[in-house]
Structures are given as C-alpha cells and as structure tokens.
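Me: I'm new to this structure and would like a close look at one part of it rather than a full tour. Please pick a part, walk me through it slowly, and show me how the rest fits around it.

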Amino acid sequence: MASKQQVRASHILIKHQGSRRKASWKDPEGRVIMNTTKESAIAQLKSLREDIFSGKAKFDEVASRYSDCSSAKRGGDLGIRDSGLLESLLAAYKDESMDFHKLDSLCRLVLGPFGPGQMQKPFEEATFALKVGEISDIVETDSGVHIIMRTG
C-alpha cells in the first residue's frame with residue numbers, strides 16, 4: 001500500500017509524432033506513432049475514456065490492448081520504479097547497450113509506489129490530485145497523452 005507521500009497508478013498512454021520517443025512495444029519501428037497527430041491521439045484517448053466510464057470496457061483491458069507503454073502487459077499498472085535504477089536502465093537503453101525487452105523485464109523487478117519527483121511533473125500532479133479509484137482527464141507529457149487511474 002502506498003504512503004501519503006507515495007501513490008500507485010495505472011495509465012493508458014497514446015504516443016504521437018510529438019512524443020519524445022517514437023516507438024513502443026506495439027510499434028517498435030514507430031511507423032504508426034510517427035503518423036499519429038497529437039489531436040488524433042487525444043481523440044482516441046477520449047473515446048477510450050468514454051468506453052471505460054460508460055461501462056463498455058474495463059480500464060485494465062483497454063490499457064492492455066491500446067496503451068503504448070510496456071505497462072500494458074500489466075493492465076497499465078505502473079507501480080513505481082526506483083528512480084536511480086530507472087535512470088541507469090534508461091541510459092543503457094538510450095546508448096543501445098540494452099534492448100527494449102531486457103529493459104522491460106528489469107523495470108518489472110523494481111515496481112512499487114512512486115513519490116514526488118519520480119515521474120514527469122504533469123503526470124505526477126494529476127496522479128496525486130486523484131483519489132483512489134478516480135480516473136483523470138487527458139494528461140499531456142513529453143511521452144504522449146495519458147489517462148491515469150490512481151490505484152493506491
């Protein structure tokens with residue numbers, strides 16, 4: 001369980017041509033992402049959010065199918081990554097000394113709740129503003145556009 005200074009969250013990320021990294025587990029070459037405008041990513045996410053709120057779909061199922069984040073494999077569950085270790089893993093990935101699948105596997109080993117300063121500011125602010133079980137509006141970060149569900 002997360003403390004008052006930490007939260008747990010799940011999210012759905014839709015990347016677009018303005019995202020800082022234009023590849024994902026479901027689009028390793030980034031072909032779809034590079035052709036997705038920010039506006040169309042937001043429209044897709046709004047539609048998915050409506051399906052969740054109307055009861056047509058469950059958050060974790062939508063995340064598993066549509067999210068560009070590797071957390072999709074866990075229904076969007078982010079937990080937390082130790083920030084120092086995460087920085088090292090990302091640096092190794094950026095330097096191409098580690099492939100995406102190895103990065104994903106190692107990140108799973110350091111999951112847990114996250115606290116202030118460990119996520120991108122807009123994501124962090126939106127998550128901490130939610131009550132457990134609430135789902136955010138669209139949140140824009142350098143990674144793309146998200147909807148976030150606070151889980152702890």
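Reply: What follows is a walk around the sheet, starting from strand β1.

A bit of housekeeping: this is a predicted model, so local features need pLDDT of at least 70 and side-chain atom pairs count only at pLDDT 80 or more, while totals for chains, interfaces and linings use all residues. Residues are numbered from 1 along each chain as its sequence is written, and side-chain values use heavy atoms, with hydrogens and water left out.

First, the setting. The protein chain has 6 helices and 3 strands; these are DSSP runs numbered from the N terminus, with H or I over at least four residues for a helix and E over at least two for a strand. In sequence order they go β-α-α-α-α-α-α-β-β. Of the 152 residues, 45% are buried, and buried here means under 20% relative accessible area, with exposed meaning over 50% and partly exposed in between (1.4 Å probe, protein chains only).

Now the sheet. The 3 strands form an open sheet in the order β1-β3-β2, and the pairing is antiparallel. Two strands count as paired if DSSP finds at least two bridges between them. β1 and β2 (139-141) sit at the edges with a single partner strand each, so one side of each has no neighbour in the sheet. On average, neighbouring strands are turned by 35 degrees against each other, direction ignored.

Look at β1 and β3: 6 bridges join these antiparallel strands. One pairing you can find by eye is H11, whose bridge partner in β3 is I148.

So is β1 buried or exposed? 6 of its 6 residues are buried, so β1 is largely enclosed by the rest of the structure. A9, H11 and L13 point one way from the strand, S10, I12 and I14 point the other way, and all are buried.

What lies around the sheet? One piece is α2, which packs on it and touches β1, β2 and β3. The direction of α2 makes about 20 degrees with that of β3; such axes are lines fitted to C-alpha atoms, for helices over the stretch in contact, and the angles run from 0 to 180 degrees between N-to-C directions.

Some of these elements also meet in the largest nonpolar core, which has 14 residues. Such a core is a set of buried Ala, Val, Leu, Ile, Met, Phe, Trp, Tyr and Cys residues joined through side-chain atoms within 4.5 Å. I12, I14, L45, I52, F59 and I147 touch the most other members. Two or more residues each come from β1 (9-14), α2 (38-54), α3 (59-66) and β3 (144-150), and α2 gives the most, with 5 residues. Try I52: leaving aside neighbours within four places in sequence, I52 is in contact (heavy atoms within 4.5 Å) with I12, A57, K58, F59, V62, I135 and I147. Another core lies apart from this one, with 9 residues, among them L13, L78, F123 and V139.

F123 leads us to helix α6 (residues 121-129), where F123, E124, A126 and T127 are buried. The cover over the buried residues of α6 includes β1, β2 and β3. E124, buried at 8% relative accessibility, forms a salt bridge with K121, the closest N and O atoms being 3.8 Å apart. A salt bridge here is a side-chain nitrogen of Lys or Arg within 4 Å of a carboxyl oxygen of Asp or Glu. E124 and K121 are 3 residues apart in α6, about one helical turn.

The whole structure has 4 salt bridges, and two others reach further along the chain. R8 and D77 meet at 3.0 Å, N to O; R8 is in the segment before β1 and D77 in the loop between α3 and α4 (83-94), 69 residues apart. R8 counts as partly exposed, at 23% relative accessibility. D137 pairs with R49, with the closest N and O atoms 3.1 Å apart. D137 lies in the loop between α6 and β2 and R49 in helix α2, so this pair ties together parts 88 residues apart in sequence. D137 itself is exposed, at 55% relative accessibility.
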